[in-house]
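Please look at the sequence and the 3D structure below, and keep both at hand while working through the exercises.

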Amino acid sequence: MRVVVVGAGPAGLMLAGELRLGGAEVVVLEKLPEPTGESRGLNLTARTMEVFDQRGILPLFGNLKTTPGGHFGGLPVDFAVLDGAHHGAYGVTQARTEAVLAQWAGSLGADIRRGQEVVWLTETDEHVEIETGSGKLRADYVVGCDGGRSLVRTLAGIGFEGREATRELLLADVEGCALEPRMIGRSVPLGMVIVGPISAGVDRVILCERGAPPRRRTGPPSFAEFAETWHRLTGEDISHGRPQWISAFGDPAKLATTYRKGRILIAGDAAHVHLPAGGQGLNVSVQDAVNLGWKLAAQVSGWAPAGLLDTYHAERHPVGERLLVNSAAQGTVLMGDDTIQPVRDVLTELIAHDEVTRHLAGMVTGLDLRYDVGPGEHPLLGKRLPRVDLDGAPNTTELLHPARGLLLDLSDDAELRRAASPWADRVDIVTASAENLPPKTEALLVRPDGHVAWAGEEDLTAALRRWFGEPR
């Protein structure tokens, strides 16, 4: 077995599909016998929409409700300032996202095994042995996508540092109440409330009562407790409502000390837990998987250059750090008491400036991310390549569907194509022209995750070797 992924949430299923596109054999082990069907995460950010589009997954979702709007800590932010980006989607339940990703990964040949709980791991220099309640498996690599209480992370001895939760929030999907929407959160004298419709007659309701400490619960809150808290915060009675799902969660801020330890890696909530401000958790988890998938597939397929797998931690750990900072900041702005009001007022003034709006929108969506990929000053180097319409070829989104490297020859340079031809088994070479790229962009080398790795400012073969190994 080449790779075992533990956990069939969004990160694990996305990773399984990415590994299959890269030619790696993969088994997904999920302890639950069936999907929970719980709504959980509800939003897909612009970058996740773009990633799904780059893999041809978006049509599997059917019609999505999208919006150019967003927020930072409950303060409205116009994400339309991000030119050329997808709009984010709302009301997409995590259950739906998982069903789509399971369908996609399964169609690519991923072996998804439910009712298989991992109880132990043993790593050697040559493999990892995984013990479940029903037997043992041996894999070249194991990836823990098993949530914030990750057993894989614990058994690997990977540290998980930060602070514990300081607040408790209550969440319920409630039908039969027809509540006034409060989509991005509203401060009330005793706390904060969020209300958003998720289907006909069903509202997602989130409550935070100021001063309520986190509790050690053995089960979800009762609806009576939820309705009483709502009444204290709003003065409204929802006791006649019918809950579909109730949960309690906190605002911890913890990050794994490393995303890789030998043959064991972690992704998604196993690597970072935080206040789910703006639904970033699911989205960053999917993006972790897209960064890791092609690199791990290259490793097990035998063509990865030295150090390629280590770039997963180098690139994604700083993303996790930034995620914890921005989600904690949003929690303070959204749920802080009246002493925070001057901060809200100043932020509101700043958000009126396009540069500030662009910065906050890029941070929350992940669209402003720039990796250190090598020398050069090109404005696209290290950044994700947005959809570009090409003359003489499919658009760049369609060209990334197979999750291979991509060399875009935009100046019909036969010498450039000859230099790249030894890598044709893992890099597609496409000659085309485009108008909506930065000036003097004559060629681009794009990684399978959609980030530009070379833009003509160093020797192409050096960049190919750095990211795609030695030619066969």
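The exercises that follow treat two sheets, one helix and several salt bridges, each with a worked solution.

This is a predicted model, in which local features need pLDDT of at least 70 and side-chain atom pairs count only at pLDDT 80 or more, while totals for chains, interfaces and linings use all residues. Residues are numbered from 1 along each chain as its sequence is written, and side-chain values use heavy atoms, with hydrogens and water left out.

**Exercise 1.** Find the strand order of the open sheet of 6 strands, and explain why β7 and β19 each have one side without a neighbour in the sheet.

*Solution.* Begin with the terms: helices (H or I, at least four residues) and strands (E, at least two) are DSSP runs, numbered from the N terminus, and two strands pair if DSSP finds at least two bridges between them. Strands of a sheet pair through backbone hydrogen bonds, either parallel or antiparallel. Next, read the order, which is β7-β2-β1-β11-β20-β19, with mixed pairing. Strands β7 (111–114) and β19 (260–261) stand at the edges and have a single partner strand each, so one side of each is left without a neighbour in the sheet. Then take one pair inside this order: β11 (residues 141–144) and β20 (residues 264–266) are parallel and share 3 bridges, with V143 opposite L265 in β20.

**Exercise 2.** Describe the open sheet of 5 strands and the helix that packs on it.

*Solution.* The order is β14-β15-β16-β13-β17, and the pairing is antiparallel. The edge strands, β14 (182–188) and β17 (242–250), each pair on one side only. From one strand to the next, the twist averages 15°; angles run from 0 to 180 degrees between N-to-C directions, and the axes are lines fitted to C-alpha atoms, for helices over the stretch in contact. Strand β13 (residues 168–175) is joined to β17 by 8 bridges, and A172 has I246 as its bridge partner in β17. Finally, helix α5 (residues 223–234) touches β13, β14, β15 (191–199), β16 (202–209) and β17, and its direction makes about 70° with that of β16; contact here means heavy atoms within 4.5 Å.

**Exercise 3.** Which residues of helix α12 are buried, and how are they placed around the axis?

*Solution.* Buried means under 20% relative accessible area, exposed over 50%, and partly exposed in between (1.4 Å probe, protein chains only). In α12 (residues 460–468), the buried residues include L460, A463, L464, W467 and F468. These residues cover an arc of only 100° around the axis, which puts them on the same side of α12; the arc is that of the directions from the helix axis to the C-beta atoms. After α12 comes G469, whose phi is positive, near 75°.

**Exercise 4.** What parts of the chain does the salt bridge between R163 and D251 tie together?

*Solution.* A salt bridge is a side-chain nitrogen of Lys or Arg within 4 Å of a carboxyl oxygen of Asp or Glu, and the whole structure holds 35 of them. In the pair of R163 and D251, the N to O distance is 4.0 Å. R163 lies in strand β12 (residues 160–163) and D251 in the loop between β17 and β18 (253–256), so the pair ties together parts that are 88 residues apart in sequence. R163 is partly exposed at 33% relative accessible area, whereas D251 is buried at 2%.
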